[in-house]
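Let's take a walk through this model together, starting with one stretch of the chain and working outwards. Have the viewer open and follow along.

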Amino acid sequence: MMRITRIEPVTKTKYRVSVDEQFAFVVYKGELSRFHLKEDTYAKIKEVLLKRAKLRAMHLLNDMARTESQLRDKLKLGGYPSEITEAAIAYVKSFGYINDDAYIRNFIDSRKDKKSRREIYALLRQKGVDMNRAEEMEEMYEEHSDQEAIRELLRKKHWDFACTDPKEKQKIYGYLVRKGFRYEDIRQVIQVCDWNA
């Protein structure tokens, strides 16, 4: 049978509880006194933690859209044990509050006019998205090209190629390459801009 073996203060109001000599969860001072933390209270505390984890997950998602991985990291950072974290994630998923596929679609759609595919992939990877899921990005780019995103960036930066010297042009090339655009796409857009100027 599992038993609580250690209670350590984290802050004035939070305590770390170890079960069978291993960290298990964090409780508040009021919960510590309410449950007297004996062996038979472990199941009750799990219920309280699950309820609190669900509320925390809902609050985090209300604050902003997140991937499943981001939500998991936030809950673990809050001191929730893995089993409670997974149960809270399953809870919000059951209501459709977290959906990585929809997150990927919205993320790509809101950035494809300003960022290269590579840059978007890198940002999604940072957010913990399964990159196999992100491959659906290709279908979202069918009617949109990186060249359109380059044109939009150049318009936004107010770069005029008619008045641009070769050094300035190199800076622009460098900027666009660092943004993840292919050299060939950059060259084609800049040639057209030069010709139109």
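Start at helix 3, where E68, S69, Q70, L71, R72 and L75 are buried. Keep in mind that you're looking at a predicted model. Right after helix 3 comes G79, and its phi is positive, near 90°.

Now pick out L71 from that helix and look at what surrounds it. Leaving out residues up to four places away in sequence, L71 touches A57, L60, L61, I89, V92 and I98. Zoom out a little and L71 turns up again in the largest nonpolar core, a set of 23 residues in which F25, V27, L71 and L75 touch the most other members. Who else chips in? At least two residues of this core come from each of strand 2 (14-19), strand 3 (22-28), helix 1 (29-35), helix 2 (42-63), helix 3 (68-77) and helix 4 (82-94). Helix 2 is the top contributor to this core, with 6 residues. There's also a second, separate core of 12 residues, and A149, L154, V189 and I190 are among them. As background, nonpolar side chains in soluble globular proteins tend to be buried together.

Next up is helix 4. Its 13 residues, at 1.5 Å apiece, should span 18 Å, and the C-alpha atoms at its ends are indeed 18 Å apart, so expectation and model agree. If you're wondering where the 18 Å comes from, the expected span is 1.5 Å times one less than the number of residues. The buried residues here are I84, T85, A88, I89 and V92. Look down the axis of helix 4 and those buried residues sit within an arc of 135°, so they line one face of the helix. Two of these names should ring a bell: I89 and V92 are among the residues that L71 touches. Just past helix 4, G96 has a positive phi of about 80°.

Let's jump along the chain to helix 9 (residues 146-156), which is where you'll find L153. Is L153 buried or exposed? With a relative accessible area of 5%, L153 falls under the 20% cut-off, so it counts as buried. Apart from neighbours within four places in sequence, L153 is in contact with K114, Y175, L176, K179 and F181. The K114 pairing spans 39 residues in sequence, yet the two C-alpha atoms are 6.0 Å apart in space.

Y175 and L176 lead us on to helix 10, where they are buried along with K169, I172 and Y173. These residues cover an arc of only 160° around the axis, which puts them on the same side of helix 10. Turn to the other side and you'll meet K167, Q170, K171 and R178, which are exposed. The length check works here too: helix 10 (residues 166-178) has 13 residues and should span 18 Å at 1.5 Å a residue, which agrees with the 18 Å between its end C-alpha atoms. Just after helix 10, G180 takes a positive phi of about 100°.

Finally, step back for the whole chain. It has 11 helices and 3 strands, and from the N terminus the order is β-β-β-α-α-α-α-α-α-α-α-α-α-α. Of its 197 residues, 40% count as buried. Take the contacts between residues at least 6 apart in sequence, and 49% of them join residues at least 24 apart. As for the outside, the accessible surface comes to about 12,200 Å², with 48% of that belonging to carbon and sulfur atoms.

Note on methods: Residues numbered from 1 in each chain as written. Predicted model: local features only at pLDDT ≥ 70, side-chain atom pairs only at ≥ 80, totals over all residues. Heavy atoms only, no water. Helix = DSSP H or I, 4+ residues; strand = E, 2+ residues; numbered from the N terminus. Buried < 20%, exposed > 50% of the residue type's maximum accessible area, 1.4 Å probe, protein only. Arc of directions from axis to C-beta. Core = buried A, V, L, I, M, F, W, Y, C linked by side-chain atoms within 4.5 Å. Contact = heavy atoms within 4.5 Å. Areas by Shrake-Rupley, 256 points an atom, 1.4 Å probe, with all protein chains shown as cover.
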